[in-house]
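Please look over the structure below. The briefing that follows goes through it topic by topic.

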There are 2 protein chains.
Amino acid sequence: MEAVLKTETAPAAGGRSLGIVETRKYTFAGPLLLESGEILGPVTLAYETYGKLNREKSNAILVLHALSGDAHAAGLHRGEKVPGWWDAMIGPGKPFDTDRYFVICSNVIGGCKGSTGPASVEPRTGKPYGTAFPFITIADMVLAQRHLIDFLAIDRLLCVAGGSMGGMQALQWVASYPERVRSAIPIATALKHSPQQIAFNEVIRQSIMADPAWRGGDYYETGQPEKGLSVARMIGHITFMSEKSMEEKFSRRLKNDRLGFDFGADFEVEGYLRYRGANFVKRFDANSYLYITKALDYFDLSGGRLIAGKGVDTRFLVLSFQSDWLYPSHQSQEIVRQLKRKRVDATYCELKSTWGHDAFLVELEGQTTLIRHFLERTYLGKENGNGNHR
Amino acid sequence: MEAVLKTETAPAAGGRSLGIVETRKYTFAGPLLLESGEILGPVTLAYETYGKLNREKSNAILVLHALSGDAHAAGLHRGEKVPGWWDAMIGPGKPFDTDRYFVICSNVIGGCKGSTGPASVEPRTGKPYGTAFPFITIADMVLAQRHLIDFLAIDRLLCVAGGSMGGMQALQWVASYPERVRSAIPIATALKHSPQQIAFNEVIRQSIMADPAWRGGDYYETGQPEKGLSVARMIGHITFMSEKSMEEKFSRRLKNDRLGFDFGADFEVEGYLRYRGANFVKRFDANSYLYITKALDYFDLSGGRLIAGKGVDTRFLVLSFQSDWLYPSHQSQEIVRQLKRKRVDATYCELKSTWGHDAFLVELEGQTTLIRHFLERTYLGKENGNGNHR
């Protein structure tokens, strides 16, 4: 396991913006046979693409998002000022260089960002699924994405890449369709959730379901379980940061000059969490949060399930971050251990950061160079560090 | 800073049970002038005592409990089978040896275990205080306890000792009344909450207050906000354990043989948290949880406030636990640093444990020997390791 601890910061990402982009939708009849044994169809996937697919169709990269992410990974939507969630990494001259690569970002089923999920209308009833939506797994998300990649007529992806739940999807792509993936970049992720990770998700779910406004998932006419969902997201945000990043960002600074001696937000950190919770309610569906956290908890590619067959020649770049205690580095190291055991080509790097799990979105310097070079070597058919061939 | 990392486990506590004990109550008119500027009175404190006060009144030890603890630290209540929360440490032949010492355990104001708190009847209205209860701080809790110690006619305590919030009270005793405390044993505690600790408490409070059954704190006739309080406690329990202790206790074991594909408890860890949450609702008042977590967040003896004056001769034994990420060792080390800066006699030990914050209640072997010897040396008037005098 080549553990490299980055102590210097690489130059910033650089590159240019993609400008205006649009989310598209791909709908197919299915039905998908899900891991639960249930079926889902028709299925819509929201996705975006950046750059051009080359004649050989050898430059396609599938980028995968985290829990509350969406298909809008880069560029700007018309009339909006905030770019996609991985804009620093995707664009002309950026690590996922759209002058060279064709980058696809697909939303997941079960979500609420344009793809089929619990808020979608169930064809049979003409009403939103709610909790009649079938349970989905990471493998089901990837199965749906494979239909999209088939539709785009791409036989083999140059790379699948993503952080957190995006990293799980990248791993699942290799597990499900190793012959269709030349390389994978799982970032700040795990082969399976530990009981601590399950525990946080369970409290998140209980918080949502404890809100009477949840109404067993049947709230689309009455309004979201705002309070429960807000508390759920506050829990999430604590786990995304680190003790140190919170200290740096908030310390014990007061919102006003003095302690309030009431149940208002005395400290800045309290105000921040309340703001984040309230904001999340406006942009994410409570049922999707329930379904997706279950998919995370069910995910388990340990015990040889990541690389089941022989002769898998997918190359890996595995990244983790020092202060990430939600997906600690030892979980990434376990991924690498599994790969090495199966003689799969893998490079591992633990990046220095105080940002906790948020690092995969904000700690760009370290990732930039590594990802740029890894993609180049894969695209140009070079193995890790030792010249040419393939 | 004498950091000793215990690698061997000391012999178990041993000793005999105290047998049947009773909680008593001490009520005084007050009113207490609280840190908020408000007043509280009359004030009742629930407390227990074990052993006998000697003629010189030099053998009294005040034991202080954590957030949801109570005055019942040791022995058995008539008709009950579960002993007090620190029974392994207090009794004849145990580290807090009741053949030698007179041990007092006092409940805190703001709580719901027999002392004046938000569930108590407000004399002015004849109804429970609810959120009309004044905000209290750790210093206010200690002020009330000082009245109890006055009532017991004890001029100087041999020791104040406790873990977590009990450790904060121990520190506050020294800060408020250094001349009345010969020694202190703060365990798994801090001079102040970090923003991460505040954040967890804030989410706990928001979870309670998000429950419509909370009714602004006015629920004593309608019933507790059970769901919100249960979720709050589940959050707490995650922070009390460590990643490793959860792995050892639960791993990814399923409650039933297979995944349920529903929102039931699939994994044992989920069942455990639900059980703990549901159980807590039966034994603790939601408003007390709100008030006490605020007191924890307000606590701040940093910046020289722990030892304000000169010539403080209180001796310290400071203990922390390796896997405790709620009150990490660096916070205990900061206590010791403050003490050393003021030339106060302090011994520090980081004990080996995988139990996380729960360690202060369950990791007995390491604490036993250290506490026993520290108390003996203090009682017999010996300084740390260097023979006689005082």
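**Helix α7 of chain A**

All 13 of the 13 residues of α7(A) are buried, so this helix is largely enclosed by the rest of the structure. Buried here means that 20 or more other C-beta atoms, placed from the backbone, lie within 10 Å of a residue's own. The model is predicted: local features need pLDDT of at least 70, side-chain atom pairs count only at pLDDT 80 or more, and totals for chains, interfaces and linings use all residues. Residues are numbered from 1 along each chain as its sequence is written, and chains are lettered from A in the order in which they are written.

- Helix α7 of chain A covers residues 286–298 (helices are DSSP runs of H or I, at least four residues, numbered from the N terminus).
- Its end C-alpha atoms are 19 Å apart, which agrees with the 18 Å expected at 1.5 Å a residue, taken as 1.5 Å times one less than the number of residues.

**Relation of the chains**

- A rotation of 180 degrees with 0.0 Å of shift along its axis superposes chain B on chain A, with RMSD 0.0 Å (least squares on C-alpha atoms of residues with pLDDT of at least 70 in both).
- That is the relation of a two-fold axis.

**Interface**

- In chain B, 39 residues are in contact with 39 residues of chain A (C-beta atoms, placed from the backbone, within 7 Å).
- The largest share of the chain B side, 12 residues, comes from α3(B).

**Asp140(B)**

- Asp140(B) lies in helix α1 (residues 138–151) of chain B.
- Asp140(B) is buried, with 25 other C-beta atoms within 10 Å.

Methods. Two residues are in contact if their C-beta atoms, placed from the backbone, lie within 7 Å. Helices (H or I, at least four residues) and strands (E, at least two) are DSSP runs, numbered from the N terminus. A residue is buried if 20 or more other C-beta atoms lie within 10 Å of its own, exposed if 12 or fewer, and partly exposed in between; C-beta atoms are placed from the backbone.
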